[in-house]
Amino acid sequence: MEEVDNILIHALKQVGTEVSEEVDSVKQFSSELIVEAVVRCIRVIDPGLGSALPTSLPPGMSARFRVGMSLAQACQDVGYKGEIGYQTFLYSNEPEIRSLLMFLVEKLPRESAEASDQPTGKSVVLQRAIAAAIKAQLALPWLPPNCRLPLHGETQSPAALQSFHVQPLSLPHNTKGPGKKQLKEVTDYQRDFLPPVTAQPSHHASVVASILEQHTAELSAAQEWDSEWNSQGLVSRLTPQEYRSRKLMRLRKRAEEQLRSAALPSPESAFGGPRSTSDLSELLQTFRGSAPSDHILTKGSHFTHTQKFTFTQEAAAVTSSIPTARQSEGDVQLRQQEEMASLQQQFQQLCNEVDQLTAEMKHTGVTNAQVLNELKQRELGNSEEEESMQVKKKTIDLLPDADNNLVKFQAQVEASANRVLNLASQWEKHRAPLIDEHRTLKEICSNQDLESSRKLSEIKSLHDKIRVSTEEAKKKEEIYKQLVTELENLPQDASRSAYTQRILEIVSNIKKQKEEITKILSDTKELQKEINNLTGKLDRTFAVTDELVFKDAKKDESVRKSYKYLAALHENCNHLIQTIEDTGTILREIRDLEEQIETEHGNKTVANLERILDDYKAIRQENSALAAKVREG
């Protein structure tokens, strides 16, 4: 049973049971370890059933009995058919526990069985525990914090919820575009000055939300790019870099056209047009990569130069009127007030003039637009009249010699008709090969389209296979790394060849035992057959001897005594044979009783009886304590 116990202990370790290195057989399992192993296995087999079971025994005896009954019921629910009860866990014996653990290990799901074949560490066990806890919490109904009872504290967290506040994060892999080399300054900044992700948000509660949002944005962007490339990029027959640059140029050109159309001045805003579109012009200059618009000399109007010259003279006059000598503070304040009043009057006059000029400019602009429209309409009318006048003039020039001109016109018409017929015949000669060539090229084009569509479908399927293969390769790479780490953590003295050799030895021992059992059975059959033959031969011999002696006993007295001795000898031999058979039966019963005694010793009957007595005393003490509390209450 040593190999069976090692397999059971290994499987229990894989499901998360903490079995110490000193324990190497089921006989050394304590009640606490048995309860933990059974609960771990039930949680893997049926998470909903095992989530309500504790992994350790409580201190009170009544609670221990309840836990034992619930574990027995759970084992029966998962399909265990053997005899089981609370005593199986509290007062365990080796054969029952071994059979129960073997049933639970065989009942584990395929994934757990596959995982048990692979060496895993504490990280995998922790991940399984986290997944089981999340699954159990998701299976429970949610309750508001005010409606939760103390018993819900283990399943639903009483902590206050945090709002989902997202802040932008700066990650090193986001600053490097596809197909671009990263600058040395950027690398130095990321290495020396860029804070970690957990320190970038202003509040610590926003770290998880920001990371989730960043990951979701990157994932959605990657998915959008994959769908766009599979739908449009492959059809364009460009590389991904060329497709991205082409798309960027198209977007930039569209934005530039929109800005240029918005920057064009309208007739209604002729006065304020250059002022309002200066920012858009500068933006267009930045799109073109040229210098700002302030360094470009623009042609101004007469009004602009006049206003500039007037303001320059007034500024010079104000500058020249500033007193240079020292005066008293009263005179300075008085003069400043006078200058302020005069400047305000001048400013008011200038504002009035500007308003008047603005109104005049608007009126002039409207009038100018109307005049331009009328001028365009008149130009169109004049051009139509000139064309009709030219036709009429040519017709009048042909009227003096109308007959000759009509004959010439008819001759030109006939010549034109003949030329058209000649051109039509020539076109028919060239048209037939061209149509054939067109049809051939069209068929070739359609075949090429079919071939290209077939190749595109093949490319898409190859992309899908590459993506699936990449995912499988990543999973296998992770499994490989995990197996390598676990292999390094395994003891070096245990090798696969040793286990294989041990298994082969066990198989060979089983074969030898089977051969010996078969040989013993055959020898027993031969002995039984020989005994039956001897018994029959003895009976036949005695019958013949008895008949002969009995005939002679009627005639001779001495033969009569011999007959009595013969009957006594036969009876004594029968008693002797029966005594030997009874002795063999008694010896077999003695061996059976010795095996039962060994089994009872293995079941730890004495230790279990002592534990039962101790538990009985503990229950009596608990009952007396409860009775005392009831009397005090």
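Helix axes here are lines fitted to C-alpha atoms over the stretch in contact, and angles run from 0 to 180 degrees between N-to-C directions. With that convention, α10 (206-236) and helix α16 (residues 402-489) pack at an angle of about 140°, their axes 11 Å apart. That makes α10 oblique to α16, because the roughly antiparallel class begins only over 145 degrees. The model is predicted.

## Overall make-up

The protein has 633 residues, and buried residues make up 15% of them. Its secondary structure comes to 19 helices and 0 strands. Contacts between residues at least 6 apart in sequence include a long-range share: 54% of them join residues at least 24 apart.

## Helix packing

Three helix pairs are described here. Their geometry is set out in the table.

| Helix pair | Axis distance | Crossing angle | Citation |
|---|---|---|---|
| α2 and α4 | within 11 Å | roughly 40° | |
| α2 and α6 | within 9 Å | roughly 25° | |
| α10 and α16 | 11 Å | about 140° | |

Start with α10 and α16. The crossing of α10 past α16 is right-handed. On the α10 side, the contact uses Trp229, Asn230, Leu234 and Val235; on the α16 side, it uses Leu456, Ile459, Lys460 and His463. By class, this contact has 5 nonpolar, 2 polar and 1 charged residues.

Next comes α2, which spans residues 31-45 and packs with α4, residues 61-77. The axes of α2 and α4 cross at roughly 40°. That makes α2 oblique to α4. The crossing is left-handed. Glu32, Val35, Val38, Val39 and Ile42 in α2 touch Arg64, Leu71, Ala74 and Cys75 in α4. The residues of this contact divide into 7 nonpolar, no polar and 2 charged.

Helix α2 also packs with α6, residues 94-107. Here the axes cross at roughly 25°. That makes α2 roughly parallel to α6, because angles under 35 degrees fall in that class. Again α2 passes in a left-handed crossing. From α2, the contact draws on Ile34, Ala37, Val38, Cys41 and Ile45. From α6, it draws on Ile97, Leu100, Leu101, Leu104 and Lys107. By class, the α2 and α6 contact has 9 nonpolar, no polar and 1 charged residues. Val38 appears in the contact with α4 and in the contact with α6.

## Salt bridges

How many salt bridges does a search of the whole structure find? The count is 12.

Several involve helix α9, residues 184-192. Lys184 pairs with Asp188, and their closest N and O atoms are 3.1 Å apart. Both lie in α9, 4 residues apart, about one turn of the helix. Arg191 also bridges to Asp188, with closest N and O atoms 2.9 Å apart. Arg191 and Asp188 are 3 residues apart in α9, so about one helical turn separates them. Asp188 is thus bridged to Lys184 and to Arg191. The network of salt bridges links Lys184, Asp188, Arg191 and Asp192.

Are Lys184 and Arg191 buried or exposed? Lys184 is exposed, with a relative accessible area of 62%. Arg191 counts as exposed too, at 56% relative accessibility.

Another bridge joins Lys13 and Glu21, whose closest N and O atoms are 3.7 Å apart. Lys13 counts as partly exposed, at 30% relative accessibility. Glu21 is exposed, with a relative accessible area of 67%.

## Pairs distant in sequence

Ser202 sits in the loop between α9 and α10. Its relative accessible area is 55%, so Ser202 is exposed. Ser202 and Gln167 are 35 residues apart along the chain, and their C-alpha atoms are separated by 8.3 Å.

Leu609 belongs to helix α19, residues 605-632. Leu609 is partly exposed, because its relative accessible area of 49% does not pass the 50% cut-off for exposed. Where Leu609 and Tyr91 are concerned, how many residues lie between them in sequence terms? They are 518 residues apart in sequence, yet 8.6 Å apart in space, C-alpha to C-alpha.

Terms used. Residues are numbered from 1 along each chain as its sequence is written. This is a predicted model: local features need pLDDT of at least 70, side-chain atom pairs count only at pLDDT 80 or more; totals for chains, interfaces and linings use all residues. Side-chain values use heavy atoms; hydrogens and water are left out. Helices (H or I, at least four residues) and strands (E, at least two) are DSSP runs, numbered from the N terminus. Angles under 35 degrees count as roughly parallel, over 145 as roughly antiparallel, 65 to 115 as roughly perpendicular and the rest as oblique. A crossing is left-handed if the near helix is turned anticlockwise from the far one by less than a right angle, and right-handed if clockwise. Contact means heavy atoms within 4.5 Å. Ala, Val, Leu, Ile, Met, Phe, Trp, Tyr, Cys and Pro count as nonpolar, Asp, Glu, Lys and Arg as charged, and the others, Gly among them, as polar. A salt bridge is a side-chain nitrogen of Lys or Arg within 4 Å of a carboxyl oxygen of Asp or Glu. Buried means under 20% relative accessible area, exposed over 50%, partly exposed in between (1.4 Å probe, protein chains only).
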